[in-house]
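Student: I have a two-chain model open and would like to learn how to read it. Could we go through it together?

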Amino acid sequence: MNLAPRNSNGVSVDVRGLWKHFNGQPVLHGIDLHVNPGEIFVIMGPSGSGKTVLLKHVIGLEKPDEGEVLIESEPVSPETAGKHRLAMVFQTGGLLNSLTVGENVGLYMSEHRLKPANEISRIVAEKLELVGLKGIEARFPSELSGGMKKRVAIARALVIEPQLLLYDEPTSELDPLMAVTIAEEILNLNRRIGATSIVVTHDRDLAFAVADRIAIIDEGQIVAVGTPEEVRANPHAVVRRFLSADLKQERKIE
Amino acid sequence: MFQNIGELVVLFWLTLQAFPATWRQRRKIFDQLFDIGNASLLMACILSLFIGGVLALQTGPVLAQRGLSNSIGGIVGLSMCKELGPVMMAVLIAGRIGSAIAAEIGSMRVYQEVDALQTMNINPIQYLVLPRVLAISVALPTLVVFAIMVGWFGGAIVCTYNRDIGISLEGYFNNLRQVVGFKDVLNGLIKSFVFAVSIGVVSCHQGLKTIGGPRGIGRSVTKAVVNSIVFILILDYFLTRILLHFD
């Protein structure tokens with residue numbers, strides 16, 4: 001495995017003319033994006049707009065039908081896998097249910113034999129403490145709440161000391177308090193480790209709280225990109241509809 | 001169908017390529033071996049006891065009527081070694097272990113655990129497929145050895161206690177010893193090894209290509225069992241043809 005040096009910070013990401021079809025139906029329509037090193041870039045859009053598929057292309061879990069994804073100007077491919085340290089926090093957490101929390105967090109190091117067992121235990125404890133989950137190494141994922149699973153997933157991603165950290169719907173299925181904790185965690189980690197972060201979400205509060213820049217995606221196309229202020233002021237109909245969507249009906253109280 | 005077969009061949013090839021990682025995966029292999037043995041040994045023994053018994057019950061009286069009751073031991077012995085032991089145990093393992101493999105890997109696929117492995121540069125073939133295929137390839141031939149012996153014993157019980165057959169335990173085993181050789185047992189073990197590899201690869205393949213939610217997992221489990229059994233029966237014919245040349 002080719003591991004990049006441990007002390008480098010974020011990497012740049014370029015998506016060029018990315019097309020993807022599933023069962024003949026286009027899911028991504030020629031996406032073009034640039035993410036700067038070290039920034040928090042939020043991809044926001046309604047459910048089914050192609051956000052997660054785009055994220056999977058960035059980490060190499062999907063192959064483009066057309067176009068390419070470049071990390072530090074190098075195309076993402078099986079040959080370049082491992083050249084940069086990438087990590088992803090999945091919507092469901094993606095924790096291995098047959099392993100304990102400690103084994104999950106230390107999996108990357110133990111499988112690649114990067115450290116001895118006692119050193120792995122120390123690092124696992126340190127990363128869990130970083131996400132506020134000290135002393136839960138022996139528990140199984142099935143014993144954790146949704147928010148705890150996501151934080152364990154973040155701890156597992158941190159073990160890789162990533163240069164690019166991808167979050168897929170990090171606040172979905174969480175109560176507002178836990179969503180705030182996760183948002184703070186994303187900001188803190190970005191400041192602490194300096195990794196580029198790409199966050200996919202349909203949570204407007206999260207997006208505007210953490211983003212350096214935001215892209216709005218709709219039906220597989222990017223309709224707006226800019227700073228949170230620029231996106232707020234964007235006149236595009238889809239952006240206006242997405243940002244102003246609110247529950248207007250009030251219940252009549254007798 | 002041809003796409004499926006192509007994918008199976010590719011997965012088999014990738015599993016062979018992952019073989020040097022066997023020592024690193026030894027803990028998972030032993031865990032799988034323990035699970036398979038624990039889940040199947042008792043059932044395998046009960047099944048083969050009755051298979052041996054039924055075989056003796058079906059053939060015994062007919063042979064006895066023709067004065068050939070002395071050859072029952074050889075018939076039961078050979079049938080258990082060469083055909084019924086390997087095939088019935090393979091069908092049992094396809095149902096009991098193949099389904100469990102497809103369900104486990106299928107749910108790992110659906111709940112993004114396999115994706116998580118890939119993002120950590122952990123090869124799912126080395127981590128998930130290799131330990132299961134190797135464990136099943138060791139476990140099934142071992143179970144077949146048990147099944148053959150228990151099957152012989154089942155046949156012996158029926159021959160001894162059934163009045164229509166009327167052959168002594170000693171007579172039964174004497175004939176079995178005369179007819180059945182080590183080569184016949186080896187024949188069954190070779191078959192069971194090939195069946196085991198096919199069950200492992202087919203079940204892992206179905207698990208890895210699972211899509212959708214719980215319904216997708218259910219579909220994969222069904223396909224894993226059905227495809228494994230179809231493969232076992234087709235392979236059985238061709239293996240029998242090949243092994244007959246060495247008799």
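Tutor: Happily, and let us begin where the chains meet: the contact takes 16 residues from chain A and 10 residues from chain B. Two residues are in contact if their C-beta atoms, placed from the backbone, lie within 7 Å. This is a predicted model, in which local features need pLDDT of at least 70, side-chain atom pairs count only at pLDDT 80 or more, and totals for chains, interfaces and linings use all residues. Residues are numbered from 1 along each chain as its sequence is written, while chains are lettered from A and ligands numbered from 1 in the order in which they are written.

Student: Which elements give two or more residues to the side of chain A that touches chain B?

Tutor: Elements are DSSP runs numbered from the N terminus: helices (H or I, at least four residues) and strands (E, at least two). Here they are strand S6 (86-89) and helix H3 (107-111) of chain A. By class, that side of chain A has 12 nonpolar, 3 polar and 1 charged residues. Ala, Val, Leu, Ile, Met, Phe, Trp, Tyr, Cys and Pro count as nonpolar, Asp, Glu, Lys and Arg as charged, and the others, Gly among them, as polar.

Student: What is the average pLDDT of chain A?

Tutor: pLDDT is the predictor's confidence in each residue, from 0 to 100. Chain A averages 86, and 94% of its residues score at least 70. Over residues 1-8 of chain A, however, the pLDDT is below 50, and this stretch has 12 contacts in the model beyond near neighbours in sequence.

Student: How many helices and strands does each chain have?

Tutor: Chain A has 9 helices and 10 strands. Its radius of gyration is 19 Å, close to the 18 Å that the globule rule gives for 254 residues, so chain A is as compact as a globular protein of that length. That radius is taken over C-alpha atoms, and the rule is 2.2 Å times the number of residues to the power 0.38. Chain B has 8 helices and 0 strands, and its C-alpha trace spans about 70 × 35 × 35 Å along the principal axes.

Student: What share of each chain counts as buried?

Tutor: A residue is buried if 20 or more other C-beta atoms lie within 10 Å of its own, exposed if 12 or fewer, and partly exposed in between, with C-beta atoms placed from the backbone. In chain A, 42% of the 254 residues count as buried; in chain B, 47% of the 247 residues do.
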